[in-house]
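User: Please take a close look at a single part of this model, and then set that part against the remainder of the chain. I would value a connected account that proceeds from individual residues to their surroundings.

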Amino acid sequence: MARIEAFRQGLRELGYVEGKNIVIEWRSTEGKFERQSELAAELVHLKVDVIVSSGPTMTRAAKEATATIPIVMAQDSDPVENGFVASLARPGGNITGLSVLSPELSGKQLELLKEIVSKLSRVAVIGNSNEPANPKP
């Protein structure tokens, strides 16, 4: 997967080589989302130094598993609304990371889209309403 290789490359650029001076405990639900809590608890049991979560449901599982091990969100739609951080400016607690929440950019994104597609008159937005912070219509 390209993202995993990019992650490894970034680590190498910082002087970390997997299996040499860093150990990465990779875990995946393999499509069995009910395993999220189990996997988070397993990582806590292994006493890892940091947990990197990929999305709000995994971040929630990690948050429920530990209040002391740092959790780095790889992406979250709205970490404040999801209750992961107190604010984007001052997260507090043991969770930090990246948020895809950027309502201040929505207008600019539509403006750029309109420039690219000059006859634009209708825009569709698609998402998963079962994912935390994605509102139901």
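Analyst: Val123 is in contact with Leu110 and Leu113, once its neighbours within four places in sequence are left aside. This is a predicted model, and the contacts of Val123 should be read as computed from it. Val123 lies in the segment after α4, the helix that spans residues 103–116. Val123 and Leu113 are 10 residues apart in sequence, and their C-alpha atoms are 9.5 Å apart in space. Despite the contacts with Leu110 and Leu113, Val123 is not buried: its relative accessibility is 46%, so it counts as partly exposed.

Pro91 offers a second example of a partly exposed residue, with a relative accessible area of 24%. Because residues count as buried under 20%, this value places Pro91 outside the buried class. Pro91 belongs to the loop between β2 (71–73) and β3 (95–97). Apart from residues up to four places away in sequence, Pro91 touches Val85, Ala86 and Thr96. The C-alpha atoms of Pro91 and Val80 are separated by 8.4 Å, with their positions 11 residues apart along the chain.

From here the account turns to helices α2 and α3. Which residues of α2 are buried? In this helix, which runs over residues 36–45, they are Gln36, Leu39, Ala40 and Leu43. Viewed down the axis of α2, these buried residues fall within an arc of 100°, so they line one face of the helix. That buried set packs against β1 (51–53) and α3 (56–65).

The relation can also be followed from α3. The buried residues of α3 are Pro56, Met58, Thr59, Ala61 and Ala62. Their cover includes α2, β1, β2 and β3. Thus α2 and β1 appear in the cover of α3, while β1 and α3 appear in the packing of α2. Glu64 is also placed in helix α3, but with 60% relative accessibility it counts as exposed. Glu64 is 24 residues from Ala40 in sequence, yet the C-alpha atoms of the two are 8.4 Å apart. Of this pair, Ala40 belongs to the buried residues of α2, whereas Glu64 is exposed.

The backbone on either side of α2 deserves separate attention. Most residues other than glycine have a negative phi. Lys47, which follows α2, has a positive phi of about 55° although it is not a glycine. Lys47 sits in the loop between α2 and β1; its relative accessible area is 68%, so it is exposed. Glu30 lies in the loop between α1 and α2. Its phi is near 50°, a positive value in a residue other than glycine. Glu30 also counts as exposed, because its relative accessibility is 64%.

The elements discussed above also bear on the largest pocket, whose volume is about 1,500 Å³. Two or more lining residues come from each of α1 (2–13), α2, β1 and α3. The lining comprises 40 residues, and those nearest the centre of the pocket are Trp26, Arg27, Val52, Ser53 and Ser54. By character, the lining divides into 22 nonpolar, 11 polar and 7 charged residues.

For the chain as a whole, the secondary structure comes to 4 helices and 3 strands. Along the sequence they follow the pattern α-α-β-α-β-β-α. The protein has 137 residues, of which 23% count as buried. Among contacts between residues at least 6 apart in sequence, 29% join residues at least 24 apart. The protein exposes about 10,000 Å², and carbon and sulfur atoms supply 57% of this area.

To return to the starting point, Val123 is partly exposed and has Leu110 and Leu113 as its contacts beyond four places in sequence. In α2, by contrast, Gln36, Leu39, Ala40 and Leu43 are buried, and they pack against β1 and α3.

Conventions:
Residues numbered from 1 in each chain as written. Predicted model: local features only at pLDDT ≥ 70, side-chain atom pairs only at ≥ 80, totals over all residues. Heavy atoms only, no water. Buried < 20%, exposed > 50% of the residue type's maximum accessible area, 1.4 Å probe, protein only. Arc of directions from axis to C-beta. Contact = heavy atoms within 4.5 Å. 1 Å grid on protein atoms, 1.4 Å probe; cavity = no way out; pocket = protein on both sides within 12 Å on 5 of 7 lines; lining within 4 Å. Points joined across faces, edges and corners; volume = space filled by probe spheres on them. Nonpolar A, V, L, I, M, F, W, Y, C, P; charged D, E, K, R; others polar. Areas by Shrake-Rupley, 256 points an atom, 1.4 Å probe, with all protein chains shown as cover.
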